[in-house]
Amino acid sequence: MKYFLIFFLFYSYQSSALDCATKKCAIYGTYSYFDTWLPSKIGVLGSYGDADRTYEFAFQTASYSFDFLIDGLGGVTDQRIHLSTRSFIWSKTFNIQYGVYYNSIQAKLGNLYTDLIGASVDLIEVKTLGVLWGLGNRWTFENGFSVGADWLKIFWPLHNLKTSDQLKNFPSSSEKDDLKTFIDTVAKIPTFSVLHFEIGYKF
């Protein structure tokens with residue numbers, strides 16, 4: 001009886017582990033605590049793969065209704081989409097992530113700027129395309145519940161897809177110089193994410 005019980009428990013554990021390993025798809029809710037350009041991004045992530053490698057599609061966004069980056073902005077929205085893959089290289093939890101991303105920054109101009117150029121122009125938009133790298137851990141339990149943490153992600157812009165041309169409407173001024181610096185910074189400087197958390201279910 002004792003040996004039967006040991007065998008039964010061992011078989012049950014192996015079956016559960018095998019069942020967990022055969023689950024290919026997952027969906028996660030995400031939160032990036034410290035993220036540039038805007039922190040506290042929230043989003044959703046879909047994943048497909050096995051214990052060695054996954055392929056992922058993710059969307060994250062953050063929005064602030066005040067001049068977070070430079071004075072005179074009425075609000076800023078930061079949105080990021082990325083396609084990536086994870087290679088699990090140690091204990092099936094530690095992973096290296098790499099892929100491509102698309103980022104959009106929309107800055108709504110406040111009265112300081114619209115008074116200079118007219119109320120008909122009130123939005124500056126910068127869109128970039130680049131590559132990303134990251135390091136993290138992800139744990140999946142027998143019931144399919146899964147949690148993860150990306151300790152560091154780096155987003156390196158390679159191409160400026162679109163920059164709004166509203167600057168040509170500005171008269172020469174310190175405000176115009178501030179906006180030009182803002183656009184150049186967003187379009188060219190690499191950004192990063194620290195303490196990116198995920199919680200979801202694998203099925």
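This text walks through the fold, the strand pairing, some unusual backbone spots and the ring contacts of one chain. The model is predicted.

Start with the overall layout. The chain holds three helices and eight strands. Their order along the sequence is α-β-β-β-β-β-α-β-β-α-β. The chain has 203 residues, and 41% of them are buried. Look next at the contacts with a separation of 6 or more. Of these, 65% are between residues 24 or more positions apart. The accessible surface is about 11100 Å². Carbon and sulfur atoms account for 66% of that surface.

Now turn to the strands late in the sequence. Strand β6 covers residues 123–140, and strand β7 covers residues 145–163. The two run antiparallel and are joined by 15 bridges. R138 marks one place in this pairing, since it stands opposite G148 in β7. β6 and β7 form a hairpin, with four residues between them. In the turn sits G144, with a positive phi of about 95°.

β7 has another partner. It pairs with strand β8, residues 191–202, again in the antiparallel sense. Ten bridges link β7 and β8. Here V147 stands opposite I199 in β8. β7 therefore pairs with β6 and with β8.

Next, the backbone. The loop between β1 (25–35) and β2 (41–49) is worth a stop. W37 is found in this loop. The peptide bond leading from T36 to W37 is cis, with omega near 10°. S40 lies in the loop between β1 and β2 as well. Its phi is positive, near 60°, although S40 is not a glycine. S40 is partly exposed, at a relative accessible area of 31%.

L195 also has a positive phi near 60°, and it too is a residue other than glycine. Its setting is a strand, namely β8. L195 counts as partly exposed, because its relative accessibility is 31% and the partly exposed range begins at 20% and ends at 50%.

Then come the aromatic rings. How many aromatic pairs does the chain have? The count comes to three. One of them joins F34 and F192. Their ring centres are 6.0 Å apart and their planes meet at 25°, so the pair is stacked. Planes under 30 degrees apart count as stacked. F34 lies in strand β1 and F192 in strand β8, so this pair ties together parts that are 158 residues apart in sequence. Both rings are partly exposed: F34 has a relative accessibility of 44%, and F192 has 33%.

F141 and F145 make another pair. The centres of these rings are 6.1 Å apart and the planes are at 20°, so this pair is stacked too. F141 is partly exposed, at 42% relative accessibility. F145 is partly exposed as well, with a relative accessible area of 33%.

Finally, look at charges placed over rings. Where does the charged end of R80 sit? It sits over the ring of F155, 3.8 Å from the ring centre. R138 comes up again here. It lies over the face of Y28, at 4.5 Å from the ring centre. R138 thus has two roles in this description: it stands opposite G148 in β7, and it lies over the face of Y28.

Note on methods:
Residues numbered from 1 in each chain as written. Predicted model: local features only at pLDDT ≥ 70, side-chain atom pairs only at ≥ 80, totals over all residues. Heavy atoms only, no water. Buried < 20%, exposed > 50% of the residue type's maximum accessible area, 1.4 Å probe, protein only. Contact = heavy atoms within 4.5 Å. Areas by Shrake-Rupley, 256 points an atom, 1.4 Å probe, with all protein chains shown as cover. Phe/Tyr/Trp six-rings, centres within 6.5 Å; stacked < 30°, edge-to-face > 60°. Lys NZ or Arg CZ within 6 Å of the ring centre and 35° of its normal.
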